[in-house]
Amino acid sequence: MLNGIVRAAAEILAWWAGLTAVWTLLISRADTLEIAVGAAAALVSAWAARGARRAAER
């Protein structure tokens with residue numbers, strides 16, 4: 001059970017880091033608010049990406 005939670009957290013963290021990096025590269029000006037909004041959107045997108053990958057496995 002704990003192993004599954006750790007794997008899920010690691011996957012979401014990896015997706016979040018990648019998506020946040022892409023967002024940071026694509027914005028023209030790295031303002032604090034833009035980075036915060038991008039990081040929050042990346043977290044939601046990472047959670048959705050994990051759900052989509054799990055649904056595709058079935």
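A search of the whole structure, which is a predicted model, finds 3 salt bridges. Four residues take part in a linked network of these bridges: E11, R50, R53 and E57. Side chains of opposite charge can pair when their charged atoms come close. The pairs and their nitrogen-to-oxygen distances are listed below.

| Salt bridge | Distance, N to O |
|---|---|
| E11 and R50 | 3.4 Å |
| E11 and R53 | 2.6 Å |
| R53 and E57 | 2.4 Å |

**The salt-bridge network**

The bridge between E11 and R50 has a distance of 3.4 Å. This pair links distant parts of the chain, since E11 lies in helix α1 and R50 in helix α2, 39 residues apart. Both partners, E11 and R50, are buried. The bridge between E11 and R53, at 2.6 Å, likewise links distant parts of the chain: E11 belongs to helix α1 and R53 to helix α2, with a separation of 42 residues.

Why does E11 count as buried? The relative accessibility of E11 is 17%, and the cut-off for a buried residue is under 20%; E11 therefore falls in the buried class. R53, in turn, is partly exposed because its relative accessible area is 32%, a value in between the limits of 20% and 50%.

The bridge between R53 and E57 lies within helix α2 and has a distance of 2.4 Å. R53 and E57 are 4 residues apart in that helix, so about one helical turn separates them. An α-helix has 3.6 residues a turn, so residues three or four places apart point the same way. E57 counts as exposed because its relative accessibility is 58%, and exposed residues are those over 50%. The network thus includes the buried residues E11 and R50, the partly exposed R53 and the exposed E57.

Contacts of E11 point to the same partners: when residues up to four places away in sequence are not counted, E11 touches R50 and R53.

**The two helices**

The protein chain contains 2 helices and 0 strands. Helix α1 covers residues 2–26; at 1.5 Å a residue, its 25 residues should span 36 Å, and because the end C-alpha atoms are 36 Å apart, the model agrees with that expectation. For helix α2, which comprises 26 residues, the expected span is 38 Å, and the end C-alpha atoms are 37 Å apart, which agrees.

Which residues of α1 are buried? They are A8, E11 and T20. The cover over the buried residues of α1 includes α2, residues 32–57. In α2, the buried residues are G38, A39, A42, A46, A49 and R50, and their cover includes α1. Each helix therefore contributes to covering the buried residues of the other.

**A46 at the contact between helices**

A46 lies in helix α2. With a relative accessible area of 0%, A46 is classed as buried, because the class takes in values under 20%. Which residues is A46 in contact with, leaving aside its neighbours within four places in sequence? The contacts are I12, W15, W16 and L19. For one of these, W16, the separation from A46 is 30 residues in sequence and 5.3 Å in space, C-alpha to C-alpha.

**Surface and overall dimensions**

A nonpolar patch on the surface is formed by M1, L2, I5 and V6, which together have about 500 Å² of accessible area. One member of the patch, L2, has its place in helix α1. L2 counts as exposed because its relative accessibility is 62%, where the cut-off is over 50%.

Across the protein chain, buried residues make up 17% of the 58 residues. The accessible surface of the chain comes to about 4500 Å², and 71% of it belongs to carbon and sulfur atoms.

The C-alpha trace spans about 40 × 25 × 15 Å along its principal axes. The radius of gyration of the chain is 13 Å, whereas a compact globule of 58 residues would have a value near 10 Å.

Key
Residues numbered from 1 in each chain as written. Predicted model: local features only at pLDDT ≥ 70, side-chain atom pairs only at ≥ 80, totals over all residues. Heavy atoms only, no water. Expected span 1.5 Å × (residues − 1). Buried < 20%, exposed > 50% of the residue type's maximum accessible area, 1.4 Å probe, protein only. Contact = heavy atoms within 4.5 Å. Patch = residues over 30% accessible without salt bridge, like charges linked within 9 Å, V, L, I, M, F, W, Y side chains within 5 Å. Areas by Shrake-Rupley, 256 points an atom, 1.4 Å probe, with all protein chains shown as cover. Salt bridge = Lys/Arg side-chain N within 4 Å of Asp/Glu carboxyl O. Rg over C-alpha atoms; globule rule 2.2 N^0.38 Å.
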